[in-house]
Every structure is written in C-alpha cells, then in structure tokens.
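Here are two short exercises to work through with the model open in your viewer. Try each one before you read its solution.

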Amino acid sequence: MPDLRTEFLDLPLANPLMNASGVWCSVASQLEALAECAAGAMVTKSCTLAQRDGNPEPRYRATPWGSINSMGLPNEGFPYYLNYARCHDYERKPLFMSLAGLTLDDNLTMVAELREAVTPVIMELNLSCPNVPGKAQVGYDFEAMDTFIHEIADAYDRPFGVKLPPYFDIAHFDEAAAILNAYPQIAFVTCINSIGNGLVIDPVSETVVIRPKDGFGGIGGDFVLPTALANVNAFFRRCPDKKIIGCGGVRSGEQVFLHLLAGAALVQVGTQLFEEGPLIFPRLLEELQAIMTAKGYDRITDFQGKLKTL
Ligand code: DOR
C-alpha cells in the first residue's frame with residue numbers, strides 16, 4: 001500500500017488532502033466534521049472582521065462541469081474562527097485559517113490578534129475573492145498586492161501563505177512571483193481561487209443561474225483544472241523556496257495526482273467536496289493509492305513536482 005504521509009512547514013500530515021476554504025468550513029459542526037474526516041489538514045471559511053450574511057440567494061449553482069458561486073463572503077466573523085482555532089486538536093491535523101478582510105486595516109487588525117493568540121494555526125491570506133461588489137481582487141493589482149503583503153508581513157512575525165487568483169499570462173506569473181519571492185515570510189502560495197466573474201446561462205429559462213451581480217460569479221470544478229495546474233506549476237517553478245497548495249478541478253484521485261505532479265505539496269478540494277461532503281476524502285485517497293500502485297510509486301515524493309516536458 002503506497003504511503004501517503006507527507007509534511008508541510010515541518011508538520012506531519014497523514015496525507016496531502018484538505019478542503020478549499022469556503023467549502024464545509026463555515027460553522028463549528030462542519031469544522032468538527034472536517035477535523036474527524038480523512039483529510040490530512042483543513043482550513044476555515046475566509047473570514048472578515050465582523051460577521052457577514054453575504055450576497056442574496058441563490059448564490060451557488062452546480063453544473064455538470066463545475067460550479068458558479070457568488071457567496072460574497074458569508075461568515076461568522078473573525079472571533080468565531082479564532083475561537084475554533086483555540087479549541088482545535090492540532091495533534092490530529094494542522095488547521096489553516098483563511099483571512100479575507102474587506103480592507104487592509106481590517107486584515108491588520110485580525111493579524112495582530114492572531115499573532116497574540118497562542119495557537120499553531122497557519123494563516124492563509126485570501127487576496128482573491130471575486131464576489132464582493134465594489135471590491136477588486138487584490139491579486140490582480142500588483143502594486144496593491146505588494147503593499148498588502150508588505151504591511152501584513154511587518155505586522156505578523158510567523159510564516160504565512162497567500163491565496164491567489166488564477167493568472168493567464170506568463171508576464172503576470174513572473175510579476176506575481178517576483179513580489180512573493182521578496183517576502184521570505186510567505187511560506188506557501190495557494191493556487192487558485194475560483195476563476196472570477198464567469199457567467200452560466202440556462203438555455204431553457206434564458207436566465208442567469210445565480211442572483212448576485214446579474215449572474216456573474218466565480219467558476220470552480222472541471223472547468224478550471226488546466227488553469228489550476230498551470231498556476232500551480234508556474235509558481236512551483238518560480239518560487240523554489242515556497243510550498244504550493246493546489247486547488248481547482250479535483251473530482252477524483254487522478255486530479256490529485258496531477259496537482260502533485262505539477263508541484264503541489266497539498267491539494268485542496270472545493271466544488272466536489274460541496275457536492276459529496278467529507279466522505280469524498282477516503283475515496284480520493286483510495287483512488288490516488290490505486291494510481292500510485294499501478295505506476296510503482298511507494299510515496300508521494302517519488303513523483304511530486306516531477307512533471308515532464310516534451
Ligand atoms: O469563489 C469564491 N467565493 N472565492 C472566495 O474567495 C470567496 C467566496 C465567497 O464567499 O464569495
């Protein structure tokens with residue numbers, strides 16, 4: 001049986017799977033289910049300083065090829081997740097906490113509190129929410145991204161990670177990586193958030209399928225796999241001192257394998273976790289092990305980051 005154990009920032013993990021922030025991680029009962037399930041790590045819903053109801057419903061829709069969402073950061077507020085982080089059993093699995101303050105000041109306030117809190121929680125700073133009307137994605141404004149990271153790195157004395165939007169141009173991979181590489185404190189980069197502002201149309205009703213923003217929303221699932229793999233591999237090649245967390249288009253063990261091959265250290269599951277619930281994790285692990293067995297791989301390091309080019 002292939003060995004799926006791995007490590008991340010010197011922490012041992014039973015396997016490289018976790019949820020994507022936003023899925024199955026908004027309230028304590030969901031977080032407890034994630035803590036008990038087969039995933040090797042877990043992350044909380046991206047939080048703002050105060051509780052938010054988010055955008056009007058319907059705001060999520062699955063299609064045969066993936067999902068569209070414009071949730072608008074509904075969350076219980078930073079103190080709620082900090083409270084969970086204080087009670088989490090870190091022996092069982094590492095916990096990441098996703099922060100998505102609406103302003104830099106909000107992020108700085110949260111980061112200051114997180115610094116004081118004596119918990120080994122790992123911060124994932126979300127620079128890529130596409131769904132708050134009037135708020136541009138910081139990850140698409142390189143000057144703003146640099147300022148954000150600079151200020152957060154000054155205020156937070158522990159290693160942390162950033163969750164990026166997908167990029168589609170080699171010059172943008174270069175520019176984003178150069179910014180990240182200037183900050184040794186950035187220990188990991190999560191690629192990718194949903195592909196922002198897609199539009200799904202129902203041909204029968206001739207309508208959009210979600211209510212917020214005239215139907216525009218973040219795209220996840222099968223649609224986004226090649227973009228996710230490209231971003232994972234682009235940052236893996238450009239940021240040799242950082243870990244990459246892959247996210248996007250994971251429906252079976254095969255896509256987990258592809259993310260790892262492209263250079264991911266851990267792999268997050270979003271859309272398909274939403275559809276199946278935490279029992280997806282043992283299925284994905286079994287499927288990954290079957291692929292590894294067929295290929296003669298005994299452990300993840302046998303193929304991780306070893307994507308071949310032609
Ligand atoms: O697709 C997303 N939806 N990405 C985020 O970062 C936030 C989330 C939401 O709450 O809208």
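The exercises look at the ligand site and then at one helix.

This is a predicted model, where local features need pLDDT of at least 70, side-chain atom pairs count only at pLDDT 80 or more, and totals for chains, interfaces and linings use all residues. Residues are numbered from 1 along each chain as its sequence is written, and side-chain values use heavy atoms, with hydrogens and water left out.

**Exercise 1.** Work out which residues surround the ligand, and find the side chain that has an N or O atom 2.7 Å from a ligand oxygen.

*Solution.* Start with the shell (a heavy atom within 4 Å): Lys45, Asn69, Met71, Gly72, Leu73, Pro74, Asn126, Cys129, Pro130, Asn131, Asn193 and Ser194. Sort it by class, and you get five nonpolar, six polar and one charged residues. Next, go through the polar contacts (N or O pairs within 3.5 Å). The side chain of Lys45 sits 2.8 Å from a ligand oxygen, the side chain of Asn193 is 2.8 Å from a ligand nitrogen, and the 2.7 Å pair belongs to Ser194. Finally, check the cover: alone, the ligand exposes 290 Å² (Shrake-Rupley, 1.4 Å probe), and the protein buries 91% of that.

**Exercise 2.** Find the buried residues of helix H2 and explain why they share a side.

*Solution.* First, pick out the buried ones (under 20% relative accessible area, 1.4 Å probe, protein chains only). In H2, a DSSP run of H or I with at least four residues, spanning 78-87, these are Phe78, Tyr81, Leu82, Tyr84 and Ala85. They lie on the same side because they cover an arc of only 155° around the axis, taken from the directions to the C-beta atoms. Then flip to the face turned away, where Arg86 and Cys87 are exposed (over 50%). Last, the buried residues pack (heavy atoms within 4.5 Å) against helices H1 and H3 and strands S4 and S7 (strands are E runs of at least two).

Definitions and conventions
A polar contact is a pair of N or O atoms within 3.5 Å; within protein, one must be able to donate a hydrogen and the other to accept it, and residues adjacent in sequence count only if both atoms are side-chain atoms. Ala, Val, Leu, Ile, Met, Phe, Trp, Tyr, Cys and Pro count as nonpolar, Asp, Glu, Lys and Arg as charged, and the others, Gly among them, as polar.
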